[in-house]
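Welcome! Please take a moment with the sequence and the picture below, and then we will walk through them together.

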Amino acid sequence: ALELDSSNAGFHLELGSLYYTSTLIDRARAQFERAIALAPDDPEAKLRLAEIELVERHHPVAMNLVNQALRIDPNLAHGYYLKGWIHKEMGDTALAVSSLRTAIEQEPTYYEAFVQLGILHAAKRDHLAKEYYTSALALKPRNVEAWYNLGMYYQESGQDSLALETYARMVEIDSLNPLAPFNSGFIRMEYLGDTRAAVKDFTKALDLNTNYYQAWYNRGVALER
């Protein structure tokens with residue numbers, strides 16, 4: 001298509017997105033930069049290039065590109081999501097939360113923004129983490145990522161029974177995921193003192209992933225006890 005019409009910014013954007021998905025970052029960058037040169041008033045290519053700069057940890061450059069895109073269209077939920085991610089990596093939790101909340105205001109079905117807000121609040125032991133994870137699960141009820149994060153919130157908050165229930169739900173959705181039995185085993189060993197049940201959980205995790213070295217170690221600890 002580009003051989004027939006090399007001035008089409010949309011074609012460059014699509015090709016760049018394919019390169020990015022294939023982790024051919026330099027080629028993706030070239031296509032996004034070309035798209036920006038051809039259509040400077042289109043914010044999408046600026047956001048895609050900002051993603052590359054964020055991945056490469058060029059935070060000021062990424063933020064500048066996002067701000068350029070938001071000046072063109074101040075309602076871009078993805079732009080605020082990227083700002084939140086940049087602030088998070090730069091250590092400014094308050095601005096990260098503010099940006100992610102704005103992303104949700106612009107797009108109430110933004111699953112990834114709810115998950116990130118949950119992670120940020122869980123790090124502070126803030127009960128709002130549960131609300132954000134629950135909102136994410138309302139959007140994607142079979143996504144094990146949010147279930148795992150919710151389980152970790154319960155686990156780190158000392159709510160053992162709720163954590164075990166959450167990990168059991170993970171197993172129902174994805175019986176091949178070793179994280180749920182591993183975390184269940186850890187709770188039973190460290191918090192409930194049920195080492196025999198913990199051994200079974202760690203063994204289950206190892207059946208699913210024989211290279212899960214944390215499960216080997218913790219099963220050894222459980223057997224020793």
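## A first look

What percentage of the 225 residues in the protein chain do buried residues make up? The answer is 45%. Please keep in mind from the start that this is a predicted model.

The secondary structure of the chain consists of 13 helices and zero strands. Read from the N terminus, the order of elements is therefore simply α-α-α-α-α-α-α-α-α-α-α-α-α. The radius of gyration is 22 Å, well over the 17 Å that the globule rule gives for 225 residues, so the protein chain is more spread out than a compact globule. Along its principal axes, the C-alpha trace spans about 65 × 35 × 30 Å.

## Two residues to compare

To get a feel for distances, find Ala 198 in helix α12, which covers residues 195–208. Ala 198 has a relative accessibility of 0% and so counts as buried. Now look for Glu 14: Ala 198 and Glu 14 are 184 residues apart in sequence, and their C-alpha atoms are 49 Å apart in space.

## A negative patch

Glu 14 also belongs to a negative surface patch, together with Asp 41, Asp 42 and Glu 44. One of these, Asp 42, sits in the loop between α2 (25–38) and α3 (43–55). With a relative accessible area of 32%, Asp 42 is partly exposed.

## Salt bridges across the chain

Side chains of opposite charge can pair when their charged atoms come close. How many salt bridges does a search of the whole structure find? It finds eight.

Among them is the one between Glu 56 and Arg 29, with an N to O distance of 2.6 Å. This pair links distant parts of the chain: Glu 56 is in the loop between α3 and α4 (59–72), Arg 29 is in helix α2, and the two are 27 residues apart. Their surroundings can be described too: Glu 56 counts as partly exposed because its relative accessibility is 32%, whereas Arg 29, with a relative accessible area of 17%, is buried. The cut-off behind that last word is 20%, and buried means under it.

Another salt bridge joins the side chains of Glu 89 and Arg 57, at 3.3 Å from N to O. Glu 89 lies in helix α5 (residues 77–89) and Arg 57 in the loop between α3 and α4, so this pair ties together parts that are 32 residues apart in sequence. Glu 89 is partly exposed, at 29% relative accessibility, while Arg 57 counts as exposed, at 52%.

## A bridge within one helix, and a network

Where do Arg 169 and Glu 172 lie? Both are in helix α10 (residues 160–173), three residues apart, which is about one turn of the helix. These two residues form a salt bridge, and their closest N and O atoms are 3.0 Å apart. Arg 169 counts as partly exposed at 27% relative accessibility, and Glu 172 is exposed, with a relative accessible area of 58%.

Salt bridges can also share partners, and here they join Arg 29, Glu 53 and Glu 56 into one network. You have already met two members of this network, Arg 29 and Glu 56, as a pair whose side chains meet in a salt bridge.

Notes
Residues numbered from 1 in each chain as written. Predicted model: local features only at pLDDT ≥ 70, side-chain atom pairs only at ≥ 80, totals over all residues. Heavy atoms only, no water. Patch = residues over 30% accessible without salt bridge, like charges linked within 9 Å, V, L, I, M, F, W, Y side chains within 5 Å. Areas by Shrake-Rupley, 256 points an atom, 1.4 Å probe, with all protein chains shown as cover. Salt bridge = Lys/Arg side-chain N within 4 Å of Asp/Glu carboxyl O. Lys, Arg positive; Asp, Glu negative; His and termini not counted. Charge placed at Lys NZ, Arg CZ, Asp CG, Glu CD. Helix = DSSP H or I, 4+ residues; strand = E, 2+ residues; numbered from the N terminus. Buried < 20%, exposed > 50% of the residue type's maximum accessible area, 1.4 Å probe, protein only. Rg over C-alpha atoms; globule rule 2.2 N^0.38 Å.
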